[in-house]
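Good morning, colleagues. Please take a moment to look at the sequence and the model before we begin.

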Amino acid sequence: MTHTVAVLGTGKIGEALLSGMIRAGWNPANLLVTARRPERAEELRTRYGVDPVSNADAAKRADTLILAVKPQDMGRLLDELSPHVTSDRLVISAAAGIPTAFIEERLAANTPVVRVMPNTPVLVDEGMSVISAGSHATPTHLAHAEEIFGGVGKTLRVPESQQDAATALSGSGPAYFYYLVEAMTDAGILLGLPRAQAHDLIVQAAIGAAVMLRDSGEHPVKLREAVTSPAGTTISAIRELENHGVRAALIAALEAARDRSRELASGNG
Ligand SMILES: NC(=O)C1=CN([C@@H]2O[C@H](COP(=O)(O)OP(=O)(O)OC[C@H]3O[C@@H](n4cnc5c(N)ncnc54)[C@H](O)[C@@H]3O)[C@@H](O)[C@H]2O)C=CC1
Ligand SMILES: O=C(O)[C@@H]1CCC=N1
């Protein structure tokens, strides 16, 4: 069956997903987008060859609606959509924190809802999208969501109770790595390297480490031990990381992200 998919709210993650779907082979004729500003709608038409429509028309024309507005805008969007969304539609929400029940209770009875937490590396087909079924979503609906998000990276099904944790880990995760790269580039400057070189060295170290983590099958501790020579340089750095409580800071940071996701659950956090 050929699906028509609408992305409602094409900001950073909505556009990243849209571009990925087109790369994955979706025909732009089967994709619709909605945007708040007309200039933005035209930009998306020019860039991707997709039809910008109103939220109401998206609900009428598409069988699959991907809601990619901020959690705080979700209530208003659902009020706008509810007269037009029939229960033969699949509604996929990418919003942090918003439970499927929040969406179900604002739409027609029995509307299937799937909650997905993607991340921005969908832009380079290395996304991680964590998927949960709402109370009316069937295995077929989950498989359809996996087909969409699997085209731009990996997918994982989890119970909805784990979505706030997944948001803290993989949804926000890329930001932590960018932050580390930024900080380590600053360290390179302190050590006297030109900024561009410092950036390149640390980015390649990150890519090498990421590929080894993914492909070697080794535990991260083993990989770190292989770098850490007796009385060498790495252990001096690790001692400083431990002295500064970096491990505890990361645990606290992800706990804060999980807590914020929970706070957003009301949709007006
Ligand atoms: N940025 C990220 O890495 C990720 C974001 N998300 C989730 O995706 C959602 C969007 O986040 P971002 O893309 O970062 O925010 P954003 O602010 O870049 O995008 C939201 C877009 O929705 C539009 N919008 C708001 N109300 C609308 C309406 N009624 N009709 C049509 N368009 C409307 C806004 O104009 C904006 O372009 C959030 O719920 C967030 O939790 C999920 C995973 C990762
Ligand atoms: O920061 C946020 O709220 C969104 C959700 C996960 C990544 N970005």
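In which loop does A231 lie? A231 belongs to the loop between α10 (220–227) and α11 (233–243). I should say at the outset that this is a predicted model, and what I report today has been computed from it.

Let me stay with A231 for a moment. Its phi is positive, about 55°, although A231 is not a glycine. As to its surroundings, A231 is exposed, with a relative accessible area of 83%; the cut-off for exposed is over 50%.

A second residue belongs in this part of the talk. D125 also has a positive phi, here of about 60°, and D125 is not a glycine either. D125 is found in the loop that runs between β6 (113–117) and β7 (127–133). With a relative accessible area of 34%, D125 is partly exposed.

I turn now to the chain as a whole. Its secondary structure amounts to 12 helices and 8 strands. The C-alpha trace spans about 70 × 40 × 35 Å along its principal axes. The chain has 269 residues, and 41% of them are buried.

One buried residue may serve as an illustration. H3 is located in the segment before β1 (5–8). Is H3 buried or exposed? H3 is buried, because its relative accessible area is 16%, and buried means under 20%. The side chain of H3 is joined to the side chain of D63 by a polar contact of 2.8 Å.

The next topic is ligand 1. Where does ligand 1 sit? Ligand 1 occupies the second largest pocket. Two elements each give two or more residues to the shell around ligand 1, namely α1 (12–23) and α4 (71–81). Of these, α4 provides the largest share of the shell, with 4 residues.

There are 21 residues around ligand 1, and those that come nearest are K12, I13, N55, V69 and A96. By type, the shell of ligand 1 comprises 10 nonpolar, 6 polar and 5 charged residues.

Several polar atoms approach the oxygen atoms of ligand 1, and I shall take them in turn. A polar backbone atom of K12 is 3.0 Å from an oxygen atom of ligand 1. For I13, a backbone N or O atom lies 2.9 Å from an oxygen atom of the ligand. In the case of R36 the side chain is involved: one of its N or O atoms is 3.4 Å from an oxygen atom of ligand 1. On its own, ligand 1 has 820 Å² of accessible area, and the protein covers 79% of this.

Finally, I come to ligand 2. Which residues are around ligand 2? They are A96, M117, G171 and S172. Taken alone, ligand 2 exposes 250 Å², of which the protein buries 45%. The shell of ligand 2 divides into 2 nonpolar and 2 polar residues, with no charged ones.

In which pocket does ligand 2 sit? Ligand 2 sits in the second largest pocket, and the second largest pocket is also where ligand 1 sits. A96 appears in both accounts: A96 is among the residues that come nearest to ligand 1, and A96 is one of the residues around ligand 2.

That concludes my presentation, and I thank you for your attention.

Technical notes
Residues numbered from 1 in each chain as written. Chains lettered and ligands numbered in written order. Predicted model: local features only at pLDDT ≥ 70, side-chain atom pairs only at ≥ 80, totals over all residues. Heavy atoms only, no water. Near = heavy atom within 4 Å. Polar contact = N/O pair within 3.5 Å; in protein donor to acceptor, adjacent residues only side chain to side chain. Areas by Shrake-Rupley, 256 points an atom, 1.4 Å probe, with all protein chains shown as cover. 1 Å grid on protein atoms, 1.4 Å probe; cavity = no way out; pocket = protein on both sides within 12 Å on 5 of 7 lines; lining within 4 Å. Sits in = over half its atoms within 2 Å of the grid points. Nonpolar A, V, L, I, M, F, W, Y, C, P; charged D, E, K, R; others polar. Buried < 20%, exposed > 50% of the residue type's maximum accessible area, 1.4 Å probe, protein only.
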